[in-house]
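Colleague: I should like to understand the terms used for this structure. May I ask how each one is justified?

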Amino acid sequence: MGSKFVIRGGKKLSGKVRICGAKNSALKLMAAALLADGPTILTNVPLITDVMTMAAVIERLGASVSYETPDTVKINPGYSLYAEAPYELVSQMRASIIVLGPLLARLGRARVAMPGGCNIGSRKIDMHIRGLELLGARFEVGHGFIDATAEKLVGNKITLDFPSVGATENLLMAATCAEGTTIISNAAREPEIADLATFLNQMGAQIEGIGSSTLQVTGVKRLKGVEYKVIPDRIETGTFLVAGAITNGDVLLEDVVPEHLELVISKLIDIGADIKVDGNKIRLKGCRKIKPVDLATLPYPGFPTDLQTLFMALLSMADGTSIITENIFENRFMFVNELNRMGSDIRTEGRHAVIQGVPKLTGAPVKAPDLRGGAALVVAGLAAEGVTEVLDIYHIDRGYQNLEHKLQMLGADIERLGAEERSSNLRVIK
Ligand code: UD1
């Protein structure tokens, strides 16, 4: 049996917590390091299982990966890389598909296992493929693998059907080393993409329009290894803000970029929280009564889908009815059945959820169905009456570094129980 969190709810959180580097940036920067002709050093890398999986993927491709300190990773792609990312690793983390662009750029070929069914929806990769084809790659799909080849990549104009984060990133990386100019229109604008583009430019790439929906990339011949600090994780930040709000606590979050959370902060203020922003810190004071709000997830700068589950947990205790519309992933309501076992009153219909606030949640055994659904159940457990046991927390360990320790520091009564210690989840890389 895997480990679980046991939470005795009802403690108001208070105190300071330091936010880690962004998972969704670190993973892509690690893949981008494959493009360099020398070693890259990434700092502020979160110690989470997804990062360990990405380290395993790029080691399997022939790069060397070593930890200089717990949050500093050195990646040396060396001279010869292999083109194949195997199923046993890709199936652990769908984001492994992000090596497609760098491998095509470096080797002119890539063989990446088709990501298996993912529990938050079908998560197609047609836009990655169509965009890379426009840069000159040819694809064959069969026997569970995507095989891509390109004699050379040549810049082109690409308009994405939808601002997909992963497709924008794969195209950006492939285009940096293509011949001529690439223009990616309707590009995703998430802060993690701006981080990737800034990193690539430091390596020697020529990317303009960073932060906008039109990225212009002038191909260069080589990229060099650099030292770079990963941006703070806006989703971890949002998770702790919600944990503070749902317990009517008083939390100070340090090392954050408040501009990355504008809409999230304004929704928390609508809900009744008192929020003060001071440089790279955010302080949240909760309120006794949670006001209902409606929200709809959208590509950045819209409301982030990764925080939808956390807000659902918070709004489940609101004084009235809220409506949440999930526009990005069709299966991000999977945790609702579990939350309802804790006494919430939530009905879902397609992409909409109607949340009738209840005065209290009651602790129960629940299962984390995925990363952010699991985090939402933990946060609900902090506010629930009695004991909540969250099972299958390997999902949560994929994206949160020391979640229980950070919550304990804020005064939460939460412990990890079970056969596996967390450290055994985290492969130690020498
Ligand atoms: C990334 C993030 C994830 C976040 C999401 C949206 C990482 C590792 N993950 O995921 O945490 O929730 O952005 O902000 O960075 N789609 C297609 N065809 C494609 C590509 C995507 O139909 O070729 C669809 C997906 O099925 C999904 C939607 O577009 O419904 C958004 O996907 P995308 O923006 O690509 O998200 P990811 O990069 O997978």
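Modeller: Please do, and bear in mind that this is a predicted model. We may begin with the second largest cavity, which is lined by Cys20, Gly21, Lys23, Pro46, Ile48, Asp233, Glu236, Gly399, Tyr400 and Gln401.

Colleague: What makes this space a cavity and not a pocket?

Modeller: A cavity is a set of points where a 1.4 Å probe fits but cannot get out, whereas a pocket is an open set. About 40 Å³ of space lies in this second largest cavity. The search of the whole structure asked for 30 Å³ or more and found two cavities.

Colleague: How is the lining of the second largest cavity divided by class?

Modeller: There are four nonpolar, three polar and three charged residues. Gly counts as polar and Tyr as nonpolar, so Gly21 and Gly399 of this lining fall in the polar class, and Tyr400 in the nonpolar class.

Colleague: Which residues line the largest cavity?

Modeller: They are Ala22, Lys23, Asn24, Glu192, Asp233, Arg234, Ile235, Asp306 and Arg372. The volume of this largest cavity is about 50 Å³. Its lining comprises two nonpolar, one polar and six charged residues. Helix H1 (23-32) and helix H8 each supply at least two of them.

Colleague: Where else does helix H8 contribute?

Modeller: Helix H8 (234-246) and helix H12 (371-383) each supply at least two residues to the lining of the second largest pocket. That pocket has a volume of about 370 Å³. Of its 23 lining residues, the closest to the centre are Ile246, Arg288, Met317, Pro359 and Ala383.

Colleague: Why is the approach of Asp126 to the ligand called a polar contact?

Modeller: A polar side-chain atom of Asp126 lies 2.7 Å from a nitrogen atom of the ligand. The cut-off for a pair of N or O atoms is 3.5 Å, so this pair qualifies as a polar contact. Backbone N or O atoms also take part: one of Met127 lies 2.7 Å from a ligand oxygen, and one of Gly166 lies 2.8 Å from a ligand oxygen.

Colleague: How do you know that strands S10 and S11 pair?

Modeller: Pairing requires at least two bridges. S10 and strand S11 (residues 181-185) have three bridges, in the parallel sense, and therefore they count as paired. Thr159, for instance, has Ser185 in S11 as its bridge partner.

Colleague: What makes S10 an edge strand?

Modeller: The open sheet has the order S10-S11-S13-S12. Strand S10 (157-159) and strand S12 (206-208) each pair on one side only, and are thus its edge strands.

Key:
Residues numbered from 1 in each chain as written. Predicted model: local features only at pLDDT ≥ 70, side-chain atom pairs only at ≥ 80, totals over all residues. Heavy atoms only, no water. Helix = DSSP H or I, 4+ residues; strand = E, 2+ residues; numbered from the N terminus. 1 Å grid on protein atoms, 1.4 Å probe; cavity = no way out; pocket = protein on both sides within 12 Å on 5 of 7 lines; lining within 4 Å. Points joined across faces, edges and corners; volume = space filled by probe spheres on them. Polar contact = N/O pair within 3.5 Å; in protein donor to acceptor, adjacent residues only side chain to side chain.
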